Amino acid sequence: MVNRYRGTRGFTLIELLVVLSILGLLLSLAAPRYFQHVDRSKEAVLRENLATVRDAIDQYHADTGLWPSNLEALVEKRYLRKVPVDPVTDSPDTWILVPPGDNQEGVYDLHSGAEGMGADGKPYAEW
C-alpha cells in the first residue's frame, strides 16, 4: 500500500498553536504601547492647535482692537486657513469659546471640548 500523503508537507496543529501563541504574546506587549503613543500624539496636536489659535486670536485683537466674534471670523480674515480640528474629539465644532471679561463681545480664549484627562492629569477642558 502506498502512502499518498508522504510527498506533501505542512504544519502540524501543535506548530500552528505555538506560532499563534507567540504572536498573541507579542501583540499583548505591543498594543498598549501603540495606543499610548497614539494618545500622546493627539495631546501634542491638541497643544499645538490651541497655541496656534490663541496666537491668531491675539494677532486679530492687536490688528483690529476687537476680539473675533467666532473662529470662522479668523478664517474669513485669513488669520487661519481653517478652523482646526480638536484631535481628541475629531471635530472642529467642540471647542469651548471663552469670552473676554468687562462685558466685551467675542472670543478671548478657547479650550478643548473633549471629556477626560490628559497624561498630565489635567482635564482637557482646562488646557
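Here is a walk through this protein, from its overall build down to a few single residues.

Before we start, keep in mind that this is a predicted model, where local features need pLDDT of at least 70 and side-chain atom pairs count only at pLDDT 80 or more, while totals for chains, interfaces and linings use all residues. Residues are numbered from 1 along each chain as its sequence is written, and side-chain values use heavy atoms, with hydrogens and water left out.

Let's begin with the big picture. The protein has two helices and two strands; these words refer to DSSP runs numbered from the N terminus, with H or I over at least four residues for a helix and E over at least two for a strand. Walk along from the N terminus and you meet them in the order α-α-β-β. The radius of gyration is 26 Å, well over the 14 Å that the globule rule gives for 127 residues, so the protein is more spread out than a compact globule. (That radius is taken over C-alpha atoms, and the rule is 2.2 Å times the number of residues to the power 0.38.) You can also picture a box around the C-alpha atoms: along the principal axes it comes to roughly 100 × 30 × 15 Å.

Now for inside and outside. Of the 127 residues, 24% are buried. Here buried means under 20% relative accessible area, exposed means over 50%, and partly exposed is in between, using a 1.4 Å probe and protein chains only. The protein exposes about 9,700 Å², and carbon and sulfur atoms supply 56% of that area. Such areas come from the Shrake-Rupley method with a 1.4 Å probe, and for residues only the protein chains shown count as cover.

What about the charges? There are 13 positive and 18 negative ones, and their mean positions are 18 Å apart. Lys and Arg count as positive, Asp and Glu as negative, and His and the chain ends are not counted. Each charge is placed at NZ of Lys, CZ of Arg, CG of Asp or CD of Glu.

Next, the core. In soluble globular proteins, nonpolar side chains tend to be buried together. In this model, the largest nonpolar core has 17 residues, and Val53, Ile57, Leu71, Leu74, Trp95 and Leu110 have the most contacts inside it. (A nonpolar core is a set of buried Ala, Val, Leu, Ile, Met, Phe, Trp, Tyr and Cys residues joined through side-chain atoms within 4.5 Å.) Helix H1 (13-64) and helix H2 (71-76) each supply at least two residues of this core, with H1 giving the largest share, six residues.

Which residues does tryptophan 95 touch? Not counting residues up to four places away in sequence, its partners include Leu46, Asn49, Leu50, Leu71, Leu110 and His111. Contact here means heavy atoms within 4.5 Å. Across the protein, 44% of the contacts with a separation of 6 or more are between residues 24 or more positions apart.

Two of those partners are worth a closer look. Asparagine 49 sits in helix H1 and counts as buried because its relative accessibility is 16%. Leaving aside neighbours within four places in sequence, asparagine 49 is in contact with Pro84, Val85, Pro87 and Trp95. Histidine 111 belongs to strand S2, and at 17% relative accessibility histidine 111 counts as buried too. Beyond residues up to four places away, histidine 111 touches Leu50, Arg54, Trp95, Ile96, Val98, Ala125, Glu126 and Trp127.

Then there are the exposed residues. Arginine 78 lies in the loop between H2 and S1 and is exposed, with a relative accessible area of 76%. Its phi is near 65 degrees, a positive value in a residue other than glycine. Asparagine 103, in the loop between S1 and strand S2 (109-111), also has a positive phi, about 55 degrees, although it is not a glycine. At 80% relative accessibility, asparagine 103 counts as exposed.

Aspartate 93 is found in the loop between H2 and strand S1 (96-98), and with a relative accessible area of 66% it is exposed. Aspartate 93 and valine 83 are 10 residues apart in sequence and 8.7 Å apart in space, C-alpha to C-alpha. Compare that with a pair involving aspartate 63, which lies in helix H1: aspartate 63 and valine 38 are 25 residues apart in sequence and 37 Å apart in space, C-alpha to C-alpha.
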